Amino acid sequence: MYGDDIASVLITEEQIAAKTQELAELIAKRYPADAPEGDLLLVGVLKGAIFFMTDLAKALPIPTQMEFMAVSSYGSSTSSSGVVRIMKDLDKDIAGRNVLIVEDIIDSGLTLSWLKRNLSTRNPASLEVVTLLRKPDALRTHVDVAHVGFDIPNEFVVGYGLDYAERYRDLPYIGTLDPKVYGGS
Ligand code: XMP
Ligand code: MG
């Protein structure tokens, strides 16, 4: 539906669904269903993590609650500045809660490492991260991530929540974008 903008399908809808199920089972084992900290609090990072967040919540066999944050480090360019701005903060206090940050993708790791530091100052009972995608070759800082769906090559990807200039989020799979779209060759 986007013509030939998508150069290749990197991860299919079926692969995403199977991996989400697998991650959900691993995550559920770490949190007792009736923990004194209350239900596991999923903190989704808007907008990229929306599909993963909702699919993961449905797959998790334990009760969860959802909060969202929006941070910006990108504009519409394709490389991280490391400068993070909170566009939308959490609505609720997370002190004493088990918190799981749900991310779409870790590229340089700069956004996530900033976010982890920020949330940890709010004194959650625990703070872990699950990300659907990670680009190991792009990492510029160490950040502890409990659960990773797929390690992918260092290429710009779109779909399943991920965008380029707000387009392509609605694709049900993860694909690579033809460089002609962002002015490459
Ligand atoms: P860093 O570099 O701080 O960046 O780990 C994380 C955020 O950057 C966005 N990002 C991407 N978005 N395709 C996208 O659509 C990509 O290949 C890509 N790489 C990074 C994303 O918002 C992520 O949370
Ligand atoms: Mg993101």
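Here's a quick briefing on the strands, the ligand shell and one loop residue in this structure. Keep in mind that this is a predicted model. Ligand 1 has 17 residues around it, and the protein covers 90% of the 500 Å² of accessible area that ligand 1 has on its own. Away from the ligand, there's strand E2 with its parallel partners, plus an open three-stranded sheet with antiparallel pairing.

**Strand E2 and its parallel partners**

- Strand E2 spans residues 40-46 and is mostly covered, with six of its seven residues buried.
- One partner of E2 is strand E3 (residues 64-72): the two pair in the parallel sense, and seven bridges hold that pairing.
- If you want a spot to look at in the E2-E3 pairing, take leucine 42, whose bridge partner in E3 is methionine 66.
- Strand E5 (residues 98-106) also runs parallel to E2, and four bridges join them.
- For the E2-E5 pairing, look at valine 43, which has isoleucine 101 in E5 as its bridge partner.
- As a general point, side chains in a regular strand alternate between the two faces of the sheet.
- Helix H2 (residues 50-59) joins in too: together with E2 and E3, helix H2 makes a right-handed β-α-β unit.

**The open antiparallel sheet**

- This sheet has three strands in the order E1-E9-E8, paired antiparallel.
- Its edge strands are E1 (6-11) and E8 (157-158), each of which pairs on one side only.
- Between E1 and strand E9 (residues 174-177) there are four bridges, in the antiparallel sense.
- Two residue pairs show how E1 and E9 line up: serine 8 has threonine 176 as its bridge partner in E9, and isoleucine 6 has leucine 177 there.
- E8 and E9 run antiparallel as well, joined by two bridges.
- On the E8 side, valine 157 stands opposite threonine 176 in E9. Threonine 176 is also the bridge partner of serine 8.

**Around ligand 1**

- The closest of the 17 surrounding residues are Ser108, Gly109, Thr111, Val157 and Asp163.
- Sorted by class, the shell has seven nonpolar, four polar and six charged residues.
- Threonine 111 has a side-chain N or O atom 2.5 Å from an oxygen atom of ligand 1.
- Aspartate 107 puts a polar side-chain atom 2.9 Å from a nitrogen atom of the ligand.
- With glutamate 103, the gap between a side-chain N or O atom and an oxygen atom of ligand 1 is 3.4 Å.
- As for how well wrapped the ligand is, the protein covers 90% of its 500 Å² of accessible area.
- E5 and helix H3 (110-120) are the elements that give two or more residues to the shell.
- The largest share comes from E5, which supplies four residues. That's the strand E2 pairs with over four bridges.

**Aspartate 163**

- Aspartate 163, one of the closest residues to ligand 1, is found in the loop between E8 and E9.
- Is aspartate 163 buried or partly exposed? Buried takes under 20% relative accessible area, and aspartate 163 has 21%, so aspartate 163 counts as partly exposed.
- Aspartate 163 and lysine 47 are 116 residues apart in sequence, while their C-alpha atoms are 8.9 Å apart in space.

Technical notes. Residues numbered from 1 in each chain as written. Chains lettered and ligands numbered in written order. Predicted model: local features only at pLDDT ≥ 70, side-chain atom pairs only at ≥ 80, totals over all residues. Heavy atoms only, no water. Buried < 20%, exposed > 50% of the residue type's maximum accessible area, 1.4 Å probe, protein only. Pairing = 2+ DSSP bridges. Right-handed = clockwise from strand over helix to strand, strands pointing away. Near = heavy atom within 4 Å. Polar contact = N/O pair within 3.5 Å; in protein donor to acceptor, adjacent residues only side chain to side chain. Areas by Shrake-Rupley, 256 points an atom, 1.4 Å probe, with all protein chains shown as cover. Nonpolar A, V, L, I, M, F, W, Y, C, P; charged D, E, K, R; others polar.
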